[in-house]
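Trainee: I have a structure open and would love to talk it through with you. Could we start with the terms and then go on to what we see?

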Amino acid sequence: MKDLIEEITGIFGPSGSEEKVRTVINKKISNYVDGIETDKLGNLIAFKKGNGEGKKIMLAAHMDQIGLLITHIDENGFLRFTKIGGVNPKRLIGQRFILANGMTGTVGVEKVDEEKEIKFDKLYLDIGASSREEAEKHVSIGDSAIYKPQFDVSGNRVISSYLDNRLGCAVLIMVLEKLKKSPHDIYFVFTVQEEVGLRGAKTAAYQINPDLALAVDVTITGDTPEAHTMDVALGNGTAIKIKDQASITHPMIKELLILTAKKHGIKHQLEVLEHGGTDAGSIHLTRGGIPSGTISLPIRYVHTPSEMADLNDIKASIELILRVLGEEI
Ligand code: CO
Ligand code: ZN
């Protein structure tokens, strides 16, 4: 499991540039499914056939990751940038970033007196070039960059850049490896452009038109010193989302998840997230409405290069998904 997480969190794939992630996942799962295709926006849609008596279920995990997008190259070779997804400019100084071609740079800041002045227009990416001409050999306007991948195991926990949401992708891959049989027709969808507005899931859900859907994504915790009050903690099991800013879990799905977890003794916790959303936010508003919910992986330090997850929470999440797929719905 750790090897898979390390591999999949290390692949370059910011929103809009998910090709490499898609290629790796396609290779890993193609032997386990009855069909696989890439749709027009770049979502990878894999299909596993049921026995004809079940429902049509969509599982969604987003492949894309947050990052930077280069907007300008100055005459001295410094790069200016904007954000892709939820990036906090105050946390970027000194961070290492990597471009698709492997070029690495670090983020510097212009003179500021107070932290609150640190905005994107005070920051630049230094890739070691000393002129615009030199920089242009390696980078163009519109190129994107990601945190340089880092992965560590510390006790029962993993620390990595981009657990959001390659961990969700890894969980779906492991579910596919373990899934024996299910009455349901299941669509495993690895979506694009979640971090910029839950976009890929929208067209995928329209095309598939499932009876119900589950997003698999990360959520934040309230278990660090003086954290914002939130009733999710690392190590307390898989998190069943009740609501976030983009969706309220459908009552039928909520009951299905809670009862299944209880029935099989799967460690779980209930999640109310005050900000943010998952692919369920756009899936449930598709067509005439699709009952949807989210199984969340609790993560500390979300959207930093050092996101932390608990291995037992990951196992509990895999088990809950497998059990739900085995239920009659
Ligand atoms: Co995110
Ligand atoms: Zn996410």
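Mentor: Gladly! A cavity here is a set of grid points where a 1.4 Å probe fits but cannot get out, and its volume is the space filled by probe spheres set on the points. Keep in mind that this is a predicted model.

Trainee: What volume does the largest cavity have?

Mentor: The whole structure was searched, and one cavity of 30 Å³ or more turned up. The volume of this largest cavity comes to about 40 Å³.

Trainee: How many residues of its lining are charged?

Mentor: The lining is made up of Ile66, Tyr147, Tyr162, Asp164, Glu195, His303, Thr304 and Glu307. Sorted by class, three of these are nonpolar and two polar, and the number of charged ones is three.

Trainee: Which three residues supply the most area that domain 1 buries against domain 2?

Mentor: Domain 1 covers 2–65 + 162–326, and domain 2 covers 67–147. Between them the two domains bury about 1100 Å², with 62% of it on carbon and sulfur atoms. On the domain 1 side, 49% of the buried area comes from three residues, more than from any other three: Phe12, Tyr162 and Pro305.

Trainee: How many residue pairs are in polar contact between domain 1 and domain 2?

Mentor: Salt bridges do not contribute here, as their count between the two domains is zero. For polar contacts, with both residues at pLDDT 80 or more, the count of residue pairs is four.

Trainee: And how far apart are the centres of domain 1 and domain 2?

Mentor: Taken over C-alpha atoms, the centres of domain 1 and domain 2 are separated by 31 Å.  The contact takes 13 residues from domain 1, and from domain 2 the number is 13 residues. So much for the contact; the separation you asked for is 31 Å.

Methods
Residues numbered from 1 in each chain as written. Chains lettered and ligands numbered in written order. Predicted model: local features only at pLDDT ≥ 70, side-chain atom pairs only at ≥ 80, totals over all residues. Heavy atoms only, no water. Domains from an automatic or database assignment. Contact = heavy atoms within 4.5 Å. Buried area = accessible area lost by both parts, 1.4 Å probe. Salt bridge = Lys/Arg side-chain N within 4 Å of Asp/Glu carboxyl O. Polar contact = N/O pair within 3.5 Å; in protein donor to acceptor, adjacent residues only side chain to side chain. 1 Å grid on protein atoms, 1.4 Å probe; cavity = no way out; pocket = protein on both sides within 12 Å on 5 of 7 lines; lining within 4 Å. Nonpolar A, V, L, I, M, F, W, Y, C, P; charged D, E, K, R; others polar.
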